[in-house]
Structures are given as structure tokens and as C-alpha cells.
There are 2 protein chains.
Amino acid sequence: MKIAVDAMGGDYAPEEVVKGAVMAAKEYGTEIILVGPQERIEGELAKYDCSGANIEIVDTDEYLVEGEHPAYALRQKRKASILVATKLVKEGKADAVVGAGPTGGVVGSALQVLGTVEGIARPVAGGAFLGFAPNTIMMDLGGNVDCRPDQLLDFAIVGTVFARKMLNIQNPTVALLSVGAEEGKGNEVVRESYSLFQRSGLNFIGNVEGHDIPSGRANVIICDGFVGNILVKFCESLGKTICRWLEDKVKGKLPESDVKEIIDNLLLATNVADAIGGGPLWAVNGVACVAHGRSQSDEIAKTIGQAKLAVELDLVGSLKAELAAARSRLNMPNI
Amino acid sequence: MKIAVDAMGGDYAPEEVVKGAVMAAKEYGTEIILVGPQERIEGELAKYDCSGANIEIVDTDEYLVEGEHPAYALRQKRKASILVATKLVKEGKADAVVGAGPTGGVVGSALQVLGTVEGIARPVAGGAFLGFAPNTIMMDLGGNVDCRPDQLLDFAIVGTVFARKMLNIQNPTVALLSVGAEEGKGNEVVRESYSLFQRSGLNFIGNVEGHDIPSGRANVIICDGFVGNILVKFCESLGKTICRWLEDKVKGKLPESDVKEIIDNLLLATNVADAIGGGPLWAVNGVACVAHGRSQSDEIAKTIGQAKLAVELDLVGSLKAELAAARSRLNMPNI
């Protein structure tokens with residue numbers, strides 16, 4: 001398996017990206033194609049013992065930087081490293097692409113070069129949300145801010161494949177996030193989605209409320225990207241706020257190692273994206289994984305691991321099959 | 001000042017309601033009118049030393065119970081205690097009404113009997129959201145699930161009056177809750193609301209994101225009741241989940257009193273509605289306060305205190321004046 005990595009992506013590129021790529025090549029035995037300025041990459045590679053690591057370089061001098069408008073930059077820089085790396089997937093020269101940002105550049109390249117699976121217009125972001133509910137994923141967590149019921153259903157299908165493949169839950173429960181448990185509770189889109197979900201053949205258990213998220217009442221919780229983005233950012237920020245407050249309260253009263261363990265675990269549980277280190281852009285017609293811009297080598301290696309898993313599990317093929325099946329059950333055209 | 005209290009409202013009525021009313025009558029020196037079955041109320045009053053407490057009873061045998069459909073029940077039970085209590089306000093025999101549930105019954109009575117201030121169709125729920133950000137209130141936290149821009153602006157005006165009167169902030173900052181700081185970020189309603197807010201004469205500082213809520217970046221954060229309800233319930237539940245986890249982690253390692261202090265404070269900070277004990281239904285044309293259904297005497301007394309404050313501060317009059325001023329600035333009819 002070959003994974004193309006944008007060597008110039010993220011806040012600590014190319015240093016941490018190259019380091020993470022070497023780690024992943026050794027740990028997972030994947031072949032890595034580093035895309036970026038050849039000399040700089042070679043300079044970084046020279047720092048490590050690369051024996052047993054199968055790494056090649058595809059040379060390009062252009063790359064995106066934080067702060068540019070991604071769509072504009074991608075039009076100007078046709079040889080940008082993330083674009084070149086994504087094209088390797090399209091051309092069959094790599095099985096997956098990994099980039100650490102700017103996020104808009106990774107998403108834009110994936111959309112331009114690979115496109116989305118039929119019938120879904122934009123990538124879907126989602127995943128585990130809280131360490132306290134490890135078997136619960138939420139979708140969408142960004143990007144799709146105004147959604148129709150059929151889009152929410154697409155997210156539910158994506159989430160079902162996610163839970164089945166990545167969490168190994170055979171028949172994941174699916175719920176709509178709303179303001180009351182009963183059918184008829186919710187905003188217009190949620191109310192309209194309810195019966196569509198009931199007829200979808202998914203394991204739909206109805207609505208869940210905000211207080212049900214930490215308790216893991218459903219495996220797949222569906223909301224639009226507006227609600228999802230606000231929730232995930234609030235959760236991360238509240239977690240950090242509580243950690244600061246708590247550290248102050250227990251400092252000097254508990255051994256330092258105990259304080260560190262409590263704070264680290266609470267941060268991980270409330271900042272899950274950091275813990276996982278990035279994952280696939282769902283609904284892209286190919287495996288494209290995005291890592292946090294502030295990723296260090298560890299997170300880069302973990303994201304490469306996620307990309308490898310996504311290829312091995314044939315996430316894209318499974319998603320297409322599941323979408324076709326649900327649409328056929330609903331007598332919807334498989335666009 | 002006279003405050004009418006539904007003696008039969010809430011999970012622990014009439015026992016805890018009567019007890020809380022006696023506490024409030026003594027502590028705040030307000031006259032209390034307890035509405036409900038006279039004999040049961042007298043039986044409860046007999047348990048306490050009521051000297052110095054100015055309490056009268058308005059007798060009625062009917063009352064709402066949890067689980068009934070509130071609108072239906074209010075049609076059937078025309079002498080329901082909450083309805084009778086609310087009418088005392090309408091007739092000028094009381095200055096405010098307090099009820100502890102069912103919430104739908106308190107809201108329904110307020111709407112039927114007192115109505116809302118001109119131009120606002122439904123009561124607005126809101127208030128302090130997080131103990132970590134005591135000078136930040138959010139609106140709407142329920143009820144108004146699909147909102148137009150002009151409704152969000154009404155919430156912002158309500159919130160401004162709230163922050164000015166109840167938090168004593170002279171020129172409260174107002175923000176829209178969204179998924180990006182820049183104008184143009186957000187769902188359709190938020191994007192459309194932005195310029196309306198800019199022209200409103202309120203102290204509008206733009207969009208804030210989910211991660212800005214705990215940091216207190218704005219005094220008044222505006223969202224529709226769908227987002228608000230999900231956020232507040234998530235926050236309360238996450239707070240409880242973290243408390244359970246944390247108690248387990250530190251038990252036996254810290255003195256019991258320290259553990260209790262940490263857990264109690266963290267619960268209060270994340271479950272602010274419990275801490276405050278209820279407050280006014282905003283935008284009702286009169287002072288109607290709702291307490292949690294599970295309120296004990298303490299919360300009942302606190303809610304009566306909130307009602308007294310709302311009357312003293314003339315919240316309803318201030319809100320009407322502020323609405324008229326904002327509409328005039330925007331050349332909107334003061335309906």
C-alpha cells in the first residue's frame with residue numbers, strides 16, 4: 001500500500017510531517033510518497049535512520065500556506081504539494097492521501113481531483129465526539145451548515161458505515177439530534193427527516209437530546225454541520241476550561257503525576273480530534289485524510305495509520321454500496 | 001409586593017412549595033398568595049412558624065399534573081391552580097406568578113392570560129449558561145426552534161435588557177453564535193441576521209463560535225432555541241458525567257470535604273439553571289417565573305426572589321421601551 005503525504009502541510013511542516021512519515025513507514029510498513037521540495041525533504045530525512053522505511057519523494061516547489069483563500073490558492077498554484085499528492089491517488093499511483101492543512105486546501109484538492117461519491121455534494125466530517133462515549137460518533141461536524149432531510153440521511157448512512165467499519169459495531173443505532181425524544185419534536189428539518197429515517201432500513205431509534213450525547217445512547221448521532229461544529233468546539237473549549245480550573249483546585253493537594261494523569265485524560269476525553277489525530281474526509285470518492293494543522297509527528301503518523309485502515313477496510317466501496325441499498329429501499333434514484 | 005405561587009406545581013408539591021413560600025415570605029418580606037386546595041395548604045402551613053410571614057390562600061381544587069398535554073389540560077381544567085394564580089396577576093391582585101411545572105402549564109397559562117409583549121410571539125428562555133462565564137447569557141434556550149432574523153434580533157434585545165438589569169452590565173456586548181467569526185459564516189438565518197444586528201443600535205460585536213462560550217467573549221450570545229436547548233442539555237449532562245468520573249479518580253486521595261467542594265462547584269458551574277433556581281419567562285407581558293419541576297423549597301424560595309427582583313426592576317417595561325427604540329432605529333413598525 002502506498003500513501004501520499006503532503007510534506008508541506010500543517011504548522012510544523014516539513015519537519016514534523018517527515019518525522020511522522022518515517023515513523024509510520026516503519027510502524028505500519030506502508031510505502032510513503034512525500035510530496036514537496038525534494039531538497040528540503042531529503043534534508044529532513046537525513047536526520048533519521050530510514051532503514052526499513054520505504055519512502056520516495058515526488059518533487060514540487062509549490063505549496064499552500066495558512067491564511068490564503070484555499071480555492072483561490074489552488075487555482076494559482078497548480079503544482080501545490082497537496083494537489084500533486086491528491087492526483088497520485090486519482091492516477092492510481094497512491095492508495096490514499098494525507099494532509100495537515102490548511103484544511104481548506106486538503107478538502108479543496110480532494111473535491112477537485114477525486115470528487116465526492118454520487119449524490120453527496122460535499123465531504124462529511126464526523127467521528128467520535130467524547131471520550132466518555134467512545135462508541136458514539138456524530139455527523140456532520142462542519143461544512144454542511146444548511147441541510148435537507150435527504151442530506152441528513154446521507155450523513156446517517158456515512159455514519160453507519162463508519163461505526164460498522166471503524167468501530168466494529170455490526171448494527172449501529174442511529175438517532176437524530178433534537179430537542180425532545182418524541183416524533184414531531186425538533187426544528188423543521190429534523191421533523192421532516194424523522195419518517196425518512198424510519199423508512200431507510202437503518203437501525204433508527206428516534207431522536208436523542210443534548211443530554212444523551214455523553215451517555216452514548218446512540219452509536220450514530222446526526223445533526224447538521226452548524227449544530228455539530230458549535231457543539232464540538234464548545235465541548236473542546238469547556239474541557240480545557242474545566243482542566244485549568246481543576247488543576248488550580250488540586251495542585252499541591254495531589255501528587256504531580258496524579259494531577260497530570262487526571263488533566264491529560266480529561267483533555268483527551270473532551271478533545272477527541274486531537275486524540276485521534278485526524279481521519280478520512282467522508283464521502284470523498286477516494287481516501288483523503290486530514291490531520292490538524294498543529295499536528296506533531298505523532299499525530300501525522302496516526303493519521304497515516306487511519307488512511308491505511310480506510311484503504312484496507314474499503315470505506316469508499318462500502319459507503320457506495322450502503323448508499324445504493326438505502327436509496328433502493330426508499331425508491332430514491334441512486335444518482 | 002404580592003407574589004402568587006402555584007402551590008400544586010412541581011414534583012414535590014405542595015410540601016416543598018409551601019415550605020419555600022414560607023421561607024421567601026420571611027426572607028424577602030414579600031406577601032405570598034398560595035393557590036391550591038385550601039385544606040392541604042393549611043395542613044402544610046401548620047408545620048411551620050409563620051409569624052411575620054404574610055401568606056394568604058386562594059382556594060381551588062384543580063391542578064395540572066406531569067404527563068398531561070398542557071394545552072389540553074388547561075382547556076379542561078379552567079380552575080387549575082396555575083391558571084388561577086396567573087389570573088391574579090392579570091387582575092392586578094398580584095405582581096407576579098411563580099410555578100414549578102409542568103413547564104408547559106406555566107408557559108401556557110402565561111400565554112393565555114398575560115400574552116406576550118407586542119411583536120414577540122412566544123416567550124424567550126435564557127440566562128447565564130456556565131458558571132465559568134457568569135457575565136454571559138444565552139438566548140433562546142428552548143421553545144423557539146425555527147427562527148427568522150427579526151426573531152433573533154428580538155432575543156438580542158431581550159438579552160440586552162436582561163444583562164443590563166439582572167447582571168448590571170451597562171452596555172452589554174451582543175454576538176451571534178455561528179461557525180466562524182467572519183461575516184458570511186454561518187447558516188442562512190445567521191448570515192441574514194448579521195447586517196440587521198449591525199444596524200440595530202445594540203452593542204453587536206459580530207459572530208462568536210462554540211469555543212468562545214466558556215471564555216465569556218460576549219455578554220449576550222444569540223442562537224435559536226434548537227441550538228440553545230441542545231447546548232444547555234449537553235453542557236449539563238457533560239458536567240455530570242465529568243463529576244462522576246472525577247469523583248472516582250480523586251476519592252480516597254483527597255479529604256472528603258475537598259472532593260465534595262470540587263464536585264459541588266463543578267456541578268453548579270455546568271448546571272446553572274439548578275443553581276439559580278428558575279427565572280422569568282422573558283417577553284411575557286407580565287412577570288411569570290418558572291422553576292424546575294424537581295425544585296425543593298430552596299429553589300422555590302430563590303425563584304420567588306427572582307420574581308420579586310423582576311418586578312422591582314420593571315423588566316417588562318424596560319423590555320417594551322428597548323424594543324420600541326430598536327424598531328424605531330431600524331424603521332421597523334413597533335407592532
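# Exercises on a predicted two-chain model

An open sheet in chain A holds six strands in the order β3-β2-β1-β4-β11-β10, and its pairing is mixed. The exercises below concern a predicted model.

## Exercise 1. The six-strand sheet and its helices

Task: Determine which strands of chain A form the edges of the open sheet, and describe what lies across β2 and β3 of chain A.

Solution.

Step 1. Strands of a sheet pair through backbone hydrogen bonds, either parallel or antiparallel. In the open sheet, β3 (55-59) and β10 (279-280) of chain A each pair on one side only, and these are the edge strands.

Step 2. Consider the β10 edge. The partner of β10(A) is strand β11 (residues 287-290) of chain A, joined in the antiparallel sense over two bridges. Within this pair, Cys289(A) in β11(A) stands opposite Pro280(A).

Step 3. Turn to the other end of the sheet. Helix α2 (residues 38-45) of chain A lies across β2 and β3 of chain A, at about 155 degrees to β3(A). Helix α1 (residues 15-28) of chain A lies across β1 (2-6), β2 (31-36) and β3 of chain A, and its direction makes about 165 degrees with β2(A).

## Exercise 2. Strand β7 and the loop that follows

Task: Establish whether the residues of β7(A) are buried or exposed, then locate Gly180(A) and list its contacts.

Solution.

Step 1. Five of the five residues of β7(A) are buried, so the strand is mostly covered.

Step 2. In a regular strand the side chains alternate between the two faces of the sheet. In β7(A), Thr173(A), Ala175(A) and Leu177(A) point one way, while Val174(A) and Leu176(A) point the other way; all are buried.

Step 3. β7(A) pairs with strand β8 (residues 203-208) of chain A in the parallel sense, over four bridges. Leu177(A) has Val208(A) as its bridge partner in β8(A).

Step 4. Gly180(A) lies in the loop between β7 (173-177) and α7 (188-198) of chain A. Gly180(A) counts as partly exposed because it has 14 C-beta neighbours inside 10 Å. Leaving aside residues up to four places away in sequence, Gly180(A) touches Lys185(A), Gly186(A), Asn207(A) and Glu209(A).

Step 5. As a distance check, the C-alpha atoms of Gly180(A) and Trp282(A) are separated by 28 Å, and these residues are 102 residues apart along the chain.

## Exercise 3. The two domains of chain A

Task: State how chain A is divided and characterise the contact between its domains.

Solution.

Step 1. Domain 1 of chain A comprises 2-123 + 281-314, and domain 2 comprises 126-272.

Step 2. Taken over C-alpha atoms, the centres of domain 1 and domain 2 of chain A are separated by 27 Å.

Step 3. The contact draws six residues from domain 1 of chain A and seven residues from domain 2 of chain A. On the domain 1 side, five residues are nonpolar, none is polar and one is charged.

## Exercise 4. The contact between the chains

Task: Describe the contact between chains A and B and deduce the symmetry relation of the two copies.

Solution.

Step 1. Chain A contributes 36 residues to the contact and chain B contributes 35 residues. On the chain A side, α8 (225-250) and α9 (256-270) each supply at least two residues. The most comes from α8(A), with 16 residues. By class, the chain A side divides into 19 nonpolar, nine polar and eight charged residues.

Step 2. Two copies of a chain are related by a rotation about an axis and a shift along it. Here chain A is superposed on chain B by a rotation of 179 degrees with 0.0 Å of shift along the axis, at an RMSD of 0.1 Å. This is the relation of a two-fold axis.

Step 3. Because 97% of the interface residues of chain A are also interface residues in chain B, the copies meet through the same surface.

## Exercise 5. Backbone exceptions

Task: Identify where cis peptide bonds occur at Pro14(B) and Asp140(B), and examine the phi values of Asn168(A) and Asp314(B).

Solution.

Step 1. Most residues other than glycine have a negative phi, and most peptide bonds are trans.

Step 2. Ala13(B) and Pro14(B) are joined by a cis peptide bond with omega about -5 degrees. Pro14(B) lies in the loop between β1 (2-6) and α1 (15-28) of chain B. The bond from Met139(B) to Asp140(B) is also cis, with omega near -5 degrees, and Asp140(B) lies in the loop between β6 (137-139) and α6 (149-166) of chain B.

Step 3. Asn168(A) has a positive phi, near 60 degrees, and is found in the loop between α6 (149-166) and β7 of chain A. Asn168(A) counts as exposed because it has 9 C-beta neighbours inside 10 Å.

Step 4. Asp314(B) has a positive phi of about 50 degrees and lies in the loop between α11 (297-312) and α12 (315-329) of chain B. With 13 other C-beta atoms within 10 Å, Asp314(B) is partly exposed.

Key:
Residues are numbered from 1 along each chain as its sequence is written. Chains are lettered from A and ligands numbered from 1 in the order in which they are written. This is a predicted model: local features need pLDDT of at least 70, side-chain atom pairs count only at pLDDT 80 or more; totals for chains, interfaces and linings use all residues. Two residues are in contact if their C-beta atoms, placed from the backbone, lie within 7 Å. Ala, Val, Leu, Ile, Met, Phe, Trp, Tyr, Cys and Pro count as nonpolar, Asp, Glu, Lys and Arg as charged, and the others, Gly among them, as polar. Copies are superposed by least squares on the C-alpha atoms of residues with pLDDT of at least 70 in both. A residue is buried if 20 or more other C-beta atoms lie within 10 Å of its own, exposed if 12 or fewer, and partly exposed in between; C-beta atoms are placed from the backbone. Two strands pair if DSSP finds at least two bridges between them. Axes are lines fitted to C-alpha atoms, for helices over the stretch in contact, and angles run from 0 to 180 degrees between N-to-C directions. Domain bounds come from an automatic or database domain assignment.
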